[in-house]
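Work through the exercises below with the sequence and the model open side by side. Try each task before you read its solution.

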Amino acid sequence: MGSVRIESSKNYDVIIEKGILDSCGGIIKTTAGGEFVCVVTDDTVDALYGERCVSSLLSAGYRVEKFTIPHGEQSKNAAQFIRLLNFLAEKRFTRTDTVAALGGGVVGDLAGFAAACFTRGMKFVQIPTTLLAAVDSSVGGKTAIDLDTGKNLAGAFYQPEVVICDYATLDTLPDEIFTDGCAEVVKYGVIADAAFFEFLKQPVRENIEKVITRCVELKRDVVAADEFDNGIRFILNYGHTVGHAVEANSNFTISHGSGVAVGMCAEAKAAAKLGICSADCAEQIESLVRAYGLPTRSPYDARALTEKALSDKKRRGGTIGVVVPTAIGQCRVEKLPVDKLYDFIRAGIE
Ligand SMILES: NC(=O)c1ccc[n+]([C@@H]2O[C@H](COP(=O)([O-])OP(=O)(O)OC[C@H]3O[C@@H](n4cnc5c(N)ncnc54)[C@H](O)[C@@H]3O)[C@@H](O)[C@H]2O)c1
């Protein structure tokens with residue numbers, strides 16, 4: 001069993017263990033207490049793991065209700081959020097009760113934001129079932145829903161009581177969703193750990209506990225230094241400036257992981273051309289991304305990408321932040337004047 005302690009406004013453990021889903025009730029009893037749990041999940045995850053989660057909670061003496069959303073990003077919206085708040089109210093949940101998010105990042109973000117808002121803050125627990133949720137979204141306390149005008153525009157920082165990561169659940173993930181999560185895994189190696197980057201040349205699935213544990217440790221360090229995203233936490237956006245622009249240009253038919261993969265390659269190549277990192281560094285990143293079966297080239301030109309990138313949340317007045325590798329395992333934030341972004345992106349994709 002692996003366990004990583006997160007130190008933030010609330011301290012909590014990320015428990016990483018095969019089969020631990022069947023013990024989630026006891027773990028939640030010890031960490032969150034209370035008597036009543038609302039399991040929030042999506043229809044796909046419910047069919048696979050809902051029953052085991054609920055039965056463990058019942059065995060631990062909890063009363064349990066389940067709230068299910070249709071799977072997919074389109075459920076991370078204001079309508080489902082209000083539906084969930086009304087559900088919690090109708091079932092008479094209180095502040096000492098718990099919302100348990102069983103699923104990927106969509107479920108975690110929606111459930112966490114509802115837990116933060118209902119009665120100004122209930123207990124919250126994350127049970128991630130995608131690679132992305134295990135290595136990224138379940139840790140660090142960012143919760144959100146999408147608005148019609150953009151992704152993650154309403155949300156809160158709200159830390160869980162515990163994260164229960166049963167990596168055996170990843171066995172049922174379709175390959176393309178697993179591969180999508182690998183983009184974020186590669187990201188951690190590039191920005192913070194050269195030895196981990198080397199390690200990732202071996203297949204992730206065969207080393208899943210070690211991979212999740214190292215990613216969570218790296219995220220722990222960033223969150224401990226900047227929980228509320230006013231500084232160093234920005235480095236987690238490596239690949240995301242160009243990546244979000246790729247996703248947005250495709251009307252989100254290109255997945256987040258694929259967008260980030262293209263973005264990491266483009267941002268590294270631009271950095272190499274500007275002399276910020278070596279050409280070899282950019283080539284190594286591209287070669288690892290390719291080895292994971294992720295795309296390395298943008299289907300959109302620099303003009304189209306720049307237009308979408310300029311309406312991104314990462315813009316601050318006249319500048320936009322871009323994370324660039326300085327070497328494998330190291331990076332820094334470049335604050336580009338907005339009128340230099342086009343040249344940067346063009347250098348990255350041509
Ligand atoms: N809060 C954060 O810090 C943070 C960080 C990164 C991403 N996010 C958010 O996370 C979301 C993406 O998360 P995601 O990639 O996990 O997507 P997701 O939650 O939509 O899950 C992807 C798909 O996999 C299915 N699924 C989940 N677990 C499964 C399993 N074990 N077996 C089979 N199918 C399973 C789901 O039903 C869904 O269809 C985005 O909304 C993004 O904004 C949040």
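The exercises that follow cover the domains, three helix pairs and the ligand shell of this predicted model.

**Exercise 1. Domains**

Task: State where the protein chain is divided into domain 1 and domain 2, then describe the side of domain 1 that touches domain 2.

Solution:
- Step 1. Set the bounds. Domain 1 covers 2-172 and domain 2 covers 175-349.
- Step 2. Place the centres. Taken over C-alpha atoms, they are separated by 27 Å.
- Step 3. Count the contacts. Domain 1 puts 21 residues in contact with 20 residues of domain 2.
- Step 4. Find the elements on the domain 1 side. Strand E1 (2-6), strand E2 (12-16) and H5 each give two or more residues to it. H5 gives the most, with 5 residues.
- Step 5. Sort that side by class. It has 13 nonpolar, 6 polar and 2 charged residues.

**Exercise 2. Helices H1 and H2**

Task: Work out how the axes of H1 and H2 cross, and which residues meet.

Solution:
- Step 1. Locate the helices. H1 spans residues 24-31 and H2 spans residues 43-59.
- Step 2. Read the geometry. Their axes come within 7 Å and cross at roughly 55°.
- Step 3. Name the arrangement. Angles from 35 to 65 degrees fall outside the parallel and perpendicular ranges, so H1 is oblique to H2.
- Step 4. Give the hand. The crossing of H1 and H2 is right-handed.
- Step 5. List the residues. From H1 come Cys24, Gly25 and Ile28, which meet Cys53, Ser56, Leu57 and Ser59 of H2.
- Step 6. Sort them. The contact has 4 nonpolar residues, 3 polar and no charged.

**Exercise 3. Helices H3 and H4**

Task: Do the same for H3 and H4: at what angle do their axes cross, and what classes of residue make the contact?

Solution:
- Step 1. Locate H3 at residues 78-90. H4 is 105-117.
- Step 2. Read the geometry. The axes come within 10 Å, crossing at roughly 50°. H3 and H4 are therefore oblique to each other.
- Step 3. Give the hand. H3 passes H4 in a right-handed crossing.
- Step 4. List the residues. Gln80, Phe81, Leu84, Leu85 and Leu88 of H3 meet Leu110, Phe113, Ala114 and Cys117 of H4.
- Step 5. Sort them. This contact has 8 nonpolar residues, 1 polar and no charged.

**Exercise 4. Helices H6 and H8**

Task: Is the crossing of H6 and H8 left-handed or right-handed, and which residues meet?

Solution:
- Step 1. Locate the helices. H6 spans residues 175-192 and H8 spans residues 208-225.
- Step 2. Read the geometry. They pack at an angle of about 50°, and their axes are 10 Å apart. That makes H6 oblique to H8.
- Step 3. Give the hand. H6 passes H8 in a left-handed crossing.
- Step 4. List the residues. Val185, Tyr188 and Ala192 in H6 meet Val211, Cys215 and Leu218 in H8.
- Step 5. Sort them. The contact has 6 nonpolar residues, no polar and no charged.

**Exercise 5. The ligand shell**

Task: Identify the residues that come nearest to the ligand, and the elements behind the shell.

Solution:
- Step 1. Start with the total. There are 28 residues around the ligand.
- Step 2. Pick out the nearest. These are Thr44, His71, Gly104, Gly105 and Ser137.
- Step 3. Assign elements. H2, helix H4 (105-117) and helix H5 (131-137) give two or more residues to the shell.
- Step 4. Sort the shell. It has 9 nonpolar, 13 polar and 6 charged residues.

Notes. Residues are numbered from 1 along each chain as its sequence is written. This is a predicted model: local features need pLDDT of at least 70, side-chain atom pairs count only at pLDDT 80 or more; totals for chains, interfaces and linings use all residues. Axes are lines fitted to C-alpha atoms, for helices over the stretch in contact, and angles run from 0 to 180 degrees between N-to-C directions. Helices (H or I, at least four residues) and strands (E, at least two) are DSSP runs, numbered from the N terminus. Angles under 35 degrees count as roughly parallel, over 145 as roughly antiparallel, 65 to 115 as roughly perpendicular and the rest as oblique. A crossing is left-handed if the near helix is turned anticlockwise from the far one by less than a right angle, and right-handed if clockwise. Two residues are in contact if their C-beta atoms, placed from the backbone, lie within 7 Å. Ala, Val, Leu, Ile, Met, Phe, Trp, Tyr, Cys and Pro count as nonpolar, Asp, Glu, Lys and Arg as charged, and the others, Gly among them, as polar. A residue is near a molecule or strand if its C-beta atom, placed from the backbone, lies within 6 Å of it. Domain bounds come from an automatic or database domain assignment.
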